[in-house]
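User: I would like a close look at one part of this model. Please start there and then work outward to whatever else is worth checking.

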Amino acid sequence: MKTFFLSGVLGLAFLLPAGARTWTDVKGRKIEAEFISQSADAVLLKLKNGKEVAVPIKNLSRADLAFLIEMDTDAPAKDDGDMEKKEEADEGTAVLPAAAADPAWDKPVPREAVLKAPLEVMEEKKGDLVQFSSSNFRIIADGRVSSKAVEAMLEACELTFIYCEALPFGLANRFTPVEGKYEIHTTGEKDDWVKAGGPEESRSTFNPNTGQLNVCLELFGLSSAGRGGDSGTSLLASQMILHVSRCMIPEIYDRNFGDWFKEGLPNLLNMGIYEKGKLDYSEVLSETKDLLLGKGRSGQKAIFKKEVVMPKIPELIEKTIGGEPDQEARQRFLGQSVLLMAYLIFMEDGGKASGLKQGLRYAHDFQKNWPKSIKAANQEEFDRKKAELIKKRDEMAETATAMIFQKRPWADVEADMTKLWGEEGLKVVFPGGKE
């Protein structure tokens, strides 16, 4: 039996922008530049002196990503004689209709995921690469990989996929499979990883445009063929849980909810207990508590001591993991986010997740009616309509967040969270609140 545990890898999704502005990287450095184009892993910018520079996607700040997201519209274009009617229809589609009954949103939160049949792995050699495939996933390796590592990776992927689809939150993989499979690329040796452009300080990279994960086996404490102790294999499987669950978060959630959700949910799902063919969440609350206090099976250093000191919930949901000053602060943020998500999914309203279901469904239905483009006769009209749509989207995000927390005063949510975690043996303290 293995326990998967917290890992702070940030995944972001964004689309293409245009225009000149101030760009800021994750270290706070700023440049004035105009957007030129985007590749799979970098944004090409044009400086004031005419020089073009490529900035890695992973280095972009949250503000830059938010800017890119807001530019997700077509350029102004003239329409035919029925343009006015079409514009009114396009603009009106952002209005949310009344939600129809849908049994998928009324399901209880499952406590386990189980493979219907033993995992079958298909192996195929293509040139210098070796491919290992299961029902929905494919590992593309630069050499032979031990059966133990392959099975741990593919089984973790399949189980996480099954569990996310079973959750009543509208989760679904938002990326397009390659030849019917979602791909994970592995590099055996650290030297090859660095030569191929992999960051020496990180054992994995995630492409937010394609959902592709790249991992270096040696940096996970394994041999280049994936052989090693249970700790390294468990870490590798843990990375698969984080990867797959991030890919299962719909774009509308990824855009409009903060890192408390986008990082809190994958890291919470990483609290499952893995047994052969099964991912068990029946002990998720105690597993979470023990891990954060350094009492879990992994032996990981405690993130908190005897109690968890929380920020006010409005402050927590406005934080970004990239905005935290150091690794310890990022781990605290992840721990706080996991506690909040565990409360919303497994504790609030008797574990029915009523508020989370309502808020996510509101956002989900809003996305169905979001216009794909803006039709306008001139730039002024285009800018006005775009601003109106962005305002509607922001209002939707605020409304959905309020619904997630049952439209209660923040002090009531904090008191309820403190009470319920207290019953689980974990002392949670909010500023100005009662223990």
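Where does E218 lie, and between which two elements is its loop found?

Analyst: The model is predicted, and every value below is computed from it. E218 is found in a loop, with strand β12 (213-216) on one side and helix α6 (230-247) on the other. Its relative accessible area is 39%, so E218 is classed as partly exposed. E218 also belongs to a negative surface patch, whose other members are D142, E189, D191 and D192. Membership of such a patch requires over 30% relative accessible area and no salt bridge. The 39% of E218 meets the first of these conditions.

From the loop, the next place to look is helix α6, and with it the salt bridges. In the whole structure, 18 salt bridges are found. One of them involves R246 and E263, whose side chains come to 2.8 Å, N to O. R246 belongs to helix α6, while E263 sits in the loop between α8 (259-262) and α9 (264-269); the two are 17 residues apart, and the pair links distant parts of the chain. Both E263 and R246 are buried.

Helix α8 has a salt bridge of its own. D259 pairs with K262, and the closest N and O atoms are 4.0 Å apart. The cut-off for a salt bridge is 4 Å, so the D259–K262 distance of 4.0 Å should be read with that limit in mind. The two residues are three residues apart in α8, so about one helical turn separates them. D259 is buried, at 1% relative accessible area, and K262 is buried as well, at 7%. Elsewhere, R361, D365 and K368 form one network through salt bridges that share partners.

Another salt bridge joins E123 and R144, with 2.0 Å between the closest N and O atoms. E123 is in strand β7 (residues 122-126), and R144 is in the loop between β9 (137-141) and α4 (147-166); the pair is 21 residues apart and links distant parts of the chain. E123 is partly exposed, since its relative accessibility is 46%. The E263–R246 bridge has both of its residues buried.

Cysteines are a separate check. The structure holds zero disulfides. C157 is in none, as the nearest cysteine sulfur, in C247, is 9.1 Å away. C164 has its closest cysteine sulfur in C247 too, at 9.8 Å, which is too far for a bond. A disulfide would need the two sulfur atoms within 2.5 Å, so the 9.8 Å between C164 and C247 rules that pair out. C157 has 0% relative accessibility and so counts as buried. C164, with a relative accessible area of 1%, is also buried.

Further along, helix α10 (residues 284-292) is mostly covered, with seven of its nine residues buried. These are V284, L285, E287, T288, K289, L291 and L292. The list includes charged residues, namely E287 and K289. After α10 comes G294, which has a positive phi, near 75°.

Positive phi values also turn up outside glycine. Most residues other than glycine have a negative phi. D349 has a positive phi of about 55° and is not a glycine. This residue is part of helix α12 (residues 327-351). D349 is partly exposed, as its relative accessible area is 36%. K407, again not a glycine, has a positive phi of about 55°. K407 is located in a loop, between α14 (379-404) and α15 (410-423). At 63% relative accessibility, K407 is exposed.

One more loop residue can be set beside these. N49 lies between β4 (42-47) and β5 (52-56), in the loop that joins them. N49 is exposed, because its relative accessibility is 62%. From N49 to A33 the C-alpha to C-alpha distance is 9.4 Å, and 16 residues separate them in sequence.

To return to the starting point: E218 is in the β12–α6 loop, is partly exposed, and contributes to the negative surface patch with D142, E189, D191 and D192. R246, in helix α6, is buried and pairs with E263, which is buried too.

Technical notes:
Residues numbered from 1 in each chain as written. Predicted model: local features only at pLDDT ≥ 70, side-chain atom pairs only at ≥ 80, totals over all residues. Heavy atoms only, no water. Patch = residues over 30% accessible without salt bridge, like charges linked within 9 Å, V, L, I, M, F, W, Y side chains within 5 Å. Areas by Shrake-Rupley, 256 points an atom, 1.4 Å probe, with all protein chains shown as cover. Lys, Arg positive; Asp, Glu negative; His and termini not counted. Charge placed at Lys NZ, Arg CZ, Asp CG, Glu CD. Helix = DSSP H or I, 4+ residues; strand = E, 2+ residues; numbered from the N terminus. Buried < 20%, exposed > 50% of the residue type's maximum accessible area, 1.4 Å probe, protein only.
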